[in-house]
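Thanks, everyone, for making time this morning. I would like to walk through one model with you, starting from its charged side chains and working inwards, so please have a look at it first.

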Amino acid sequence: MAIWKSNKLPQTAVIKQILKRCSSLGKKQSCNEQGLPLDVPKGHFVVYVGENRGRYIVPISFLNRPEFQSLLHRAEEEFGFDHDMGLTIPCEEVVFRSLTSMLR
């Protein structure tokens, strides 16, 4: 019996990459000495949503929710996570706001 090993990174490694990328990338803003945006509270991260790339600050706890993970999978399929534009979620802003209001 052969052991099959996935080429994909473990979920925790992917989440760490996401947080690292979206904590300091995206639209220009004031940053602290570590390069992190000043307007993003501890325990939160920034995503960009929709055609106009609306900026949203969401709690890290959303990363554990299957609904939000579904959005992350769509983002990975459409954009990948290896780009310099911040974490972009491919859905309409009204849908994103509705979903995140249910997750709170």
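Let me begin with Arg97, which is partly exposed because its relative accessible area is 43%, a value that falls between the 20% and 50% cut-offs. I should say straight away that this is a predicted model, and everything I describe should be heard with that in mind.

Which residue does Arg97 meet in a salt bridge? The partner is Glu93, and the N to O distance between the two side chains is 3.9 Å. Glu93 is likewise partly exposed, with a relative accessible area of 23%. Both residues belong to helix 3, where they are four residues apart, or about one turn of the helix. As a general point, an α-helix has 3.6 residues a turn, so residues three or four places apart point the same way.

The structure holds two salt bridges in total, and the other one joins the side chains of Glu67 and Arg65 at 3.8 Å, again N to O. Here Glu67 counts as partly exposed at 33% relative accessibility, and Arg65 is partly exposed too, at 31%.

Stepping back to the overall layout, the protein has three helices and three strands, and from the N terminus on these elements run α-β-β-α-β-α. Of its 104 residues, 34% count as buried. If we take the contacts with a separation of 6 or more, 46% of them are accounted for by residues 24 or more positions apart.

Now to the interior. The largest nonpolar core has 18 residues, and those with the most contacts inside it are Val47, Phe68, Ile89 and Phe96. The elements that give two or more residues to this core are strand 1, at 44-49, strand 2, at 54-59, helix 2, at 66-78, and helix 3, at 93-103. Which of these elements gives the most to the core? That is helix 2, with four residues.

Helix 2 therefore deserves a closer look, and its 13 residues reach 18 Å from the first C-alpha to the last, close to the 18 Å expected at 1.5 Å a residue. Within helix 2, the residues Phe68, Leu71, Leu72 and Ala75 are buried. Because these four cover an arc of only 100° around the axis, they lie on the same side of helix 2. On the other side of helix 2, Pro66 and Glu77 are exposed. Helix 2 is then followed by Gly80, a residue whose phi is positive, near 75°.

Let me turn to Ile89, which I named a moment ago among the core residues with the most contacts. Leaving aside its neighbours within four places in sequence, Ile89 is in contact with Val47, Tyr48, Val49, Gly50, Leu71, Leu72, Ala75 and Phe96.

Finally, consider Thr88, which is found in strand 3, residues 88-89. Is Thr88 buried or exposed? Its relative accessible area is 5%, so Thr88 counts as buried, given that the cut-off for that class is under 20%. The side chain of Thr88 nevertheless has a polar partner, since a polar contact of 2.9 Å joins the side chains of Thr88 and Arg53.

I will stop there, and I am happy to go back to any of these residues on the screen.

Definitions and conventions. Residues are numbered from 1 along each chain as its sequence is written. This is a predicted model: local features need pLDDT of at least 70, side-chain atom pairs count only at pLDDT 80 or more; totals for chains, interfaces and linings use all residues. Side-chain values use heavy atoms; hydrogens and water are left out. A nonpolar core is a set of buried Ala, Val, Leu, Ile, Met, Phe, Trp, Tyr and Cys residues joined through side-chain atoms within 4.5 Å. Buried means under 20% relative accessible area, exposed over 50%, partly exposed in between (1.4 Å probe, protein chains only). Contact means heavy atoms within 4.5 Å. A polar contact is a pair of N or O atoms within 3.5 Å; within protein, one must be able to donate a hydrogen and the other to accept it, and residues adjacent in sequence count only if both atoms are side-chain atoms. The expected span of a helix is 1.5 Å times one less than its number of residues. The arc is that of the directions from the helix axis to the C-beta atoms. A salt bridge is a side-chain nitrogen of Lys or Arg within 4 Å of a carboxyl oxygen of Asp or Glu.
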